[in-house]
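Hello,

I am passing a structure on to you, and I would be glad if you kept it open while you read the notes that follow.

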Amino acid sequence: MRSYDDITVIIPSLDPDARLLEVIEGVTQKGFSDLLLVDDGSAPENQHFFEEAAEKYGCEVLHHPHNLGKGRALKTAFAWIEENRQNIRGCVTIDGDNQHHPDDIAACVDKMLAGDCKELVLGVRDFDAENVPPKSKFGNKCTSFVFKVFCGLKVSDTQTGLRVFPKFCIPTMLEIAGERFEYETNMLLVCKNAGIPLVEQTIRTIYIDANATTHFHPIKDSVRVYGIIIKFFLSSILSFVIDYGLFNLLYALTKHLFASTVIARIVSSLFNFTVNRKAVFKSKAPLAGTMIRYYILCAVQMLTSYLLVALLSCIFGKSSLIVAILKLCVDIFLYFISFRIQQAWVFAEKPAEK
């Protein structure tokens, strides 16, 4: 049996049952000896599981005084590792409800070690399997599609709890926003922007009691998971209302397509830039460079919008109503392209800035 003494196993847990001890038994039999549990504010009647884990298996146990969320539990574990495990090669996060098979955990760790500890490994499930609850299948496929389209992030299982982290990337994990389930999604976006490779390892798709014990709240946590996209959407909607309304007002008054486009875009772009920089992407990149890149994009997008509307208006007509409809269609198309460019270039931080 292979030894994984230089790998720390992290298990965040909230109100566990006997399956937590089964998980610990399974990973110790597989060769893992350094186990770290994070009690995320479990009730007093469930504390005996943590006590038994410490006494019987020698687990290190960290406690939150009350429920702070899975993201905070993981960051608590990462902070402890930074202080107490300087010589490990990496760590692996798993769930405490027996949904991760010990063989799959070992396979994911082996993949990270085979990559010379330079890649973050995701244990990904097959959501086409018959045992996957419809809610979980739809949710994960939808999230994967959304992040592929909007963020250029090709991950087949965005919410997997089985992840293997090389030691070098743990400081980055501590700086990521999010306290609950959105933290795991934010992590993927940060890794993409930071150039940390993400690789996948297929694992068993195990759901116990149709995933009835999950602490994931479909509406509240989904809003957090899609936070960056929702905020960008709202920012774009408000900017679009300003731009579209001002454009149509100016065009109705002047019938000057180019001037109406330029003036409306200048006003709306100032609003959009400020909101996106501070609230959406929360960029710490220097203001001057960010603004230059933003207005380069803005100028190109504005010129593209003008040329496309001018071209299409020659085909479909130049009445105010037709031009308004054409501009709506063109700007919706450009909206999707703009999100990707702003995320990957405009508000991206250079390595020195990170």
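Before the findings, one term is needed: a residue is called buried when its relative accessible area is under 20%, exposed when that area is over 50%, and partly exposed in between, with a 1.4 Å probe and only protein chains taken into account. The areas themselves come from the Shrake-Rupley method with a 1.4 Å probe, and for residues only the protein chains shown count as cover.

Please keep in mind that this is a predicted model, in which local features need pLDDT of at least 70 and side-chain atom pairs count only at pLDDT 80 or more, while totals for chains, interfaces and linings use all residues. Residues are numbered from 1 along each chain as its sequence is written, and side-chain values use heavy atoms, with hydrogens and water left out.

To begin with the whole, the protein has 354 residues, of which 48% count as buried, and its C-alpha atoms fill a box of roughly 80 × 45 × 40 Å along the principal axes. Its secondary structure comes to 12 helices and seven strands, where helices (H or I, at least four residues) and strands (E, at least two) are DSSP runs numbered from the N terminus.

Next come the charged pairs. Side chains of opposite charge can pair when their charged atoms come close. A salt bridge is counted when a side-chain nitrogen of Lys or Arg is within 4 Å of a carboxyl oxygen of Asp or Glu, and the structure holds 16 salt bridges.

One of them joins E179 and K75, at 3.1 Å from N to O. This pair links distant parts of the chain, 104 residues apart, since E179 sits in the loop between helix 6 (170-174) and helix 7 (182-194) and K75 in helix 3 (residues 70-84). With a relative accessible area of 30%, E179 is partly exposed, whereas K75 is buried at 4%.

Another salt bridge, at 2.9 Å from N to O, is formed by the side chains of D104 and R204. D104 lies in helix 4 (residues 102-114) and R204 in the loop between strand 7 (198-202) and helix 8 (218-225), so the pair ties together parts that are 100 residues apart in sequence. D104 is buried, at 8% relative accessibility, while R204 is partly exposed, at 37%. Both residues also belong to a network of salt bridges that links K30, D103, D104 and R204.

How far apart in sequence are D331 and K327 in helix 12? They are four residues apart, about one turn of the helix; their salt bridge has its closest N and O atoms 3.1 Å apart, and both residues are buried.

Finally, there are polar contacts, meaning pairs of N or O atoms within 3.5 Å; within protein, one atom must be able to donate a hydrogen and the other to accept it, and residues adjacent in sequence count only if both atoms are side-chain atoms. H64, in strand 3 (residues 60-64), makes such a contact with the side chain of D40 through its own side chain, at 2.8 Å, and H64 counts as buried at 8% relative accessibility. T160 lies in the loop between helix 5 (134-151) and strand 6 (163-166) and is buried at 0%. A polar atom of the T160 side chain lies 2.5 Å from the backbone oxygen of G123, and a polar atom of that side chain lies 3.2 Å from the backbone nitrogen of L162.

With best wishes
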